[in-house]
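Visitor: I keep meeting words such as "buried" and "disulfide". Could you show me how they are decided on an actual protein?

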Amino acid sequence: MCSEKERISTCIRSSAEKLGFDAVGFAPAAYLEEESLRFKDWLKNGYHATMGYMSRNVEKRLNPKELNHWARSVVVCLYNYNPVETEFSSACKISKYAYGLDYHSIIKDKLKQLADLIETESGKLHARVFVDTAPVMERAWAKRAGLGWTGKNACLINKKKGSFFFIGTIIIDLELVYDTPSDTDHCGTCTRCMDACPNKAIIAPGVIDANKCISYLTIEHKDDFPEGNENKLHNWIFGCDICQDVCPWNRFSKPHSEPAFNPKPELLGLTDEDWKYMDKIKFIELFKNTAVERTGYDALRRNLLNNEQGSRDQRSEIRDH
């Protein structure tokens, strides 16, 4: 006869699968001691660039009990966003996770449904759901929950599924049957992600200097580009997938089955000229309720102009040689 912990744990796994999550794991809510030194060094070195929020609530970020005193377990769920192979009419590129509707609301809604199902099985429950918008170290918890390891590109990599997935967490006040942490690094001697990054933003295995990262520059950075990074977007206008696209483990990634993540046909058909002359009305029409909307029209225009300038400079450099 199974224990109550085993019964609830089994129920969570089956419920998560029914809600469309690709994997789920459990870890005890405890201080992230191993990650604390690395994270504090990363902040000390200024690798978080202008993301001031990363240096706030550090102890809450490292300890779920500081965030929620009743925390006993962290439920970690993976949700695939790898699209079917698509062809864009323009050279302008946006990250795969931003092709469709904003993942925050979609994943958060599913996590809330899962929390409700847990409460139905367990009785009154303290629970909080998180999707990339709070001081929670999702990748660290996914690793502790046995869902993968941290690659040299700092992404969580799952041996069977690659890395194109969102990570959602639920902190609850129940004890569960915990998974074995993923302690093995299966990247080995491979450095494809480090070699492929055109700005050399991966300065050491698992360490990203956001000041050089295309994803940071196109999304989080709000002002003019730092000196030396003016023309380093390489046709990306929102996010970047280079370090994941070259990862050998993503040969195991399968296309997602979430209709909300599919791109609008009109987005696929945009030409370079369409992007260049896009006005604010068209921007809102195309990107309302998407991740791209969060970067704003002005930042997108800045990224487009930067790429245009970069292309001119590249052509000029070729002529000079």
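Guide: Here are some questions and answers about this protein. It is a predicted model, in which local features need pLDDT of at least 70, side-chain atom pairs count only at pLDDT 80 or more, and totals for chains, interfaces and linings use all residues. Residues are numbered from 1 along each chain as its sequence is written, and side-chain values use heavy atoms, with hydrogens and water left out.

Visitor: Why is Cys 77 called buried?

Guide: Buried means under 20% relative accessible area, exposed over 50%, and partly exposed in between, using a 1.4 Å probe and protein chains only. Cys 77 has a relative accessible area of 0%, so it counts as buried.

Visitor: How do you know that Cys 77 has no bond to the closest cysteine sulfur?

Guide: A disulfide is a pair of cysteine sulfur atoms within 2.5 Å. The closest cysteine sulfur to that of Cys 77 belongs to Cys 11 and is 12 Å away, too far for a bond. Cys 213 is in no disulfide either, as the nearest cysteine sulfur, in Cys 240, lies 6.7 Å from its own. By this rule the count is zero disulfides.

Visitor: What makes the buried residues of α12 line one face of the helix?

Guide: Helices are DSSP runs of H or I with at least four residues, strands are runs of E with at least two, and both are numbered from the N terminus. In α12, residues 280-287, the buried ones are Phe 283, Leu 286 and Phe 287. Seen down the axis, they fall within an arc of 75°, so they line one face. That arc is taken from the directions from the helix axis to the C-beta atoms.
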